[in-house]
Amino acid sequence: MRQARYTGIAGRLGSPSYYLLTPLGFRMLHGNDARPHSKYAFKAIGVGRQQHTYALAEFIIATLRSAHQFQIPVLDFFRENTLRLQVGRERLLPDCAFSLMQDGREYHFVVEIDCGTEPIRSVRSVHAWQRKVELYEALAAQSPGRFRVLVLTTRNHRRLDAILGLVV
């Protein structure tokens, strides 16, 4: 592991640190023949992605701590961009996905973090929220089981209202 700092995020005590897995650490965890999930696996987080990565990490930690506190098993956790949801010729890569087990039932969640960098509506951008909502609705229509999309916005209620307005 090696330590790095978020540069665009400051808290009460300054910029928080995060830790990067090294190639040696990866081999120790997964074996010599394992391949990392991306070519960026051991690189520092770029400034443009730091707020998103930090918000996602905070959500994951809070969710896992709460599940542990209430003894709710977390199943099938997928880290950012590792679950590929095929919708026709397109695919969705959620920020994370997981299932919770409660009273013998599984509840499936995909998570999308919004830091205000993607447009709400756009005919050109494949990253627009309008397109994501359309794809998630198409996925729900073709999926045999139910799932919930958790949209977490780091901006304000107006932006969240605009995203939710796409669903109605």
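Which strand does Phe 77 lie in? In this predicted model, Phe 77 belongs to strand β3, the stretch covering residues 74-78. As for how open its side chain is, Phe 77 comes out at 39% relative accessibility, so it counts as partly exposed, since that class sits between the 20% and 50% cut-offs. Phe 77 also teams up with Leu 64 and Val 74 to make a nonpolar surface patch of about 220 Å².

Now for the sheet around it. Strand β3 is part of an open sheet of 4 strands, lined up in the order β3-β6-β7-β8 with mixed pairing. The edges are taken by β3 and β8 (148-153), each of which has a pairing partner on one side only. On average, neighbouring strands here are turned by 20° against each other, if direction is ignored.

Zooming in on the β3 edge, the partner is strand β6 (residues 96-102), which runs antiparallel to β3 and is joined to it by 3 bridges. Within this pair, Leu 75 stands opposite Ser 99 of β6.

Two helices pack on the sheet. Helix α2, spanning residues 47-69, touches β3, β6, β7 (105-114) and β8, and its direction makes about 10° with that of β6. Helix α4 (residues 157-165) packs on the sheet as well, touching β7 and β8, with its direction at about 150° to that of β8. Back at strand β3, then, the picture combines an edge position in the sheet, contact with helix α2 and a partly exposed Phe 77.

Definitions and conventions:
Residues are numbered from 1 along each chain as its sequence is written. This is a predicted model: local features need pLDDT of at least 70, side-chain atom pairs count only at pLDDT 80 or more; totals for chains, interfaces and linings use all residues. Side-chain values use heavy atoms; hydrogens and water are left out. Patches are made of residues with over 30% relative accessible area and no salt bridge: like charges are joined within 9 Å, nonpolar side chains (Val, Leu, Ile, Met, Phe, Trp, Tyr) within 5 Å. Accessible areas come from the Shrake-Rupley method with a 1.4 Å probe; for residues, only the protein chains shown count as cover. A salt bridge is a side-chain nitrogen of Lys or Arg within 4 Å of a carboxyl oxygen of Asp or Glu. Buried means under 20% relative accessible area, exposed over 50%, partly exposed in between (1.4 Å probe, protein chains only). Two strands pair if DSSP finds at least two bridges between them. Axes are lines fitted to C-alpha atoms, for helices over the stretch in contact, and angles run from 0 to 180 degrees between N-to-C directions. Contact means heavy atoms within 4.5 Å.
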